[in-house]
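Student: Please take a close look at one part of this model, the pocket, and then set it within the surrounding fold.

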Amino acid sequence: MYTGIGRRGHQDSIENNMYDLNVEVLSHRARRKHLLVFEKRKDGALYFAGEYALTETHQNVQPDEDGVLRRVFVFHLAQIAEDFAL
C-alpha cells in the first residue's frame, strides 16, 4: 500500500498541487500508462521499486506534516515487473 502524493491538504482537492499526480495513478490503466514506483530512502536517494498496477484504492483521514487532518488516497498496488526497459 502506498499513500497518495502530497504532504499537506486534501489529496482529492483540485487546489492541491499534487492532485494531477494522484489522478495519474488512479487512471493509469484506462490511459494505458505504465505505473513505475520509486521509493525515497532516508538519505534522499530514489530507489526504483518496479512496475506496478493499481488493484484497489480507498480514502482515509490522516494528519498532514503539520498535524492537520486531511483526506488521503491509499493505493493498493501489485508488482508486475521488477524492472522496466524503454
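**The largest pocket and its surroundings**

Tutor: In the largest pocket lies about 510 Å³ of space. Its lining comprises 19 residues, and those closest to the centre are I5, V25, L36, V37 and F38. The model is predicted, so that local features need pLDDT of at least 70 and side-chain atom pairs count only at pLDDT 80 or more, while totals for chains, interfaces and linings use all residues. Residues are numbered from 1 along each chain as its sequence is written, and side-chain values use heavy atoms, with hydrogens and water left out.

A pocket is defined on a 1 Å grid over the protein atoms alone, as an open set of points where a 1.4 Å probe fits, with protein on both sides within 12 Å along at least five of seven lines; lining residues have an atom within 4 Å of a point. Grid points are joined across faces, edges and corners, and the volume is the space filled by probe spheres set on them.

By type, the lining consists of eleven nonpolar, four polar and four charged residues. Here Ala, Val, Leu, Ile, Met, Phe, Trp, Tyr, Cys and Pro count as nonpolar, Asp, Glu, Lys and Arg as charged, and the others, including Gly, as polar. At least two lining residues come from each of β1, α1 (19-26), β2 and β4; β2 contributes the most, with six. Helices (H or I, at least four residues) and strands (E, at least two) are DSSP runs, numbered from the N terminus.

The strands that supply the lining belong to an open sheet of four, in the order β1-β4-β3-β2, with antiparallel pairing. Its edge strands are β1 and β2, each of which pairs on one side only; pairing requires that DSSP find at least two bridges between two strands.

From the β2 edge, six bridges connect β2 (residues 35-40) with β3 (residues 46-63) in antiparallel fashion, and L35 has Y52 as its bridge partner in β3. These two strands make a hairpin with five intervening residues, and G44 in the turn has a positive phi of about 95 degrees. Twelve bridges then link β3 to the antiparallel β4 (residues 69-81), with L54 opposite L77 of β4. This second hairpin also has five residues between its strands, and its turn contains G67, whose positive phi is about 90 degrees.

At the other edge, Y2 sits in β1 (residues 2-3). Y2 is classed as partly exposed because its relative accessible area is 26%; buried means under 20%, exposed over 50%, and partly exposed in between (1.4 Å probe, protein chains only). Beyond residues up to four places away in sequence, Y2 touches V37, E39, Y52, F73, V74, F75 and L77, contact being heavy atoms within 4.5 Å. The Y2 side chain also makes a polar contact with the side chain of E39 at 2.8 Å. Such a contact is a pair of N or O atoms within 3.5 Å; within protein, one must be able to donate a hydrogen and the other to accept it, and residues adjacent in sequence count only if both atoms are side-chain atoms.

Two further residues complete the picture. N16, in the loop between β1 and α1, counts as buried because its relative accessibility is 9%. Neighbours within four places aside, N16 is in contact with R8, G9, H10 and Q11. L69 of β4 is exposed, with a relative accessible area of 56%. Among residues more than four places away, L69 touches H10, V61, Q62 and P63.
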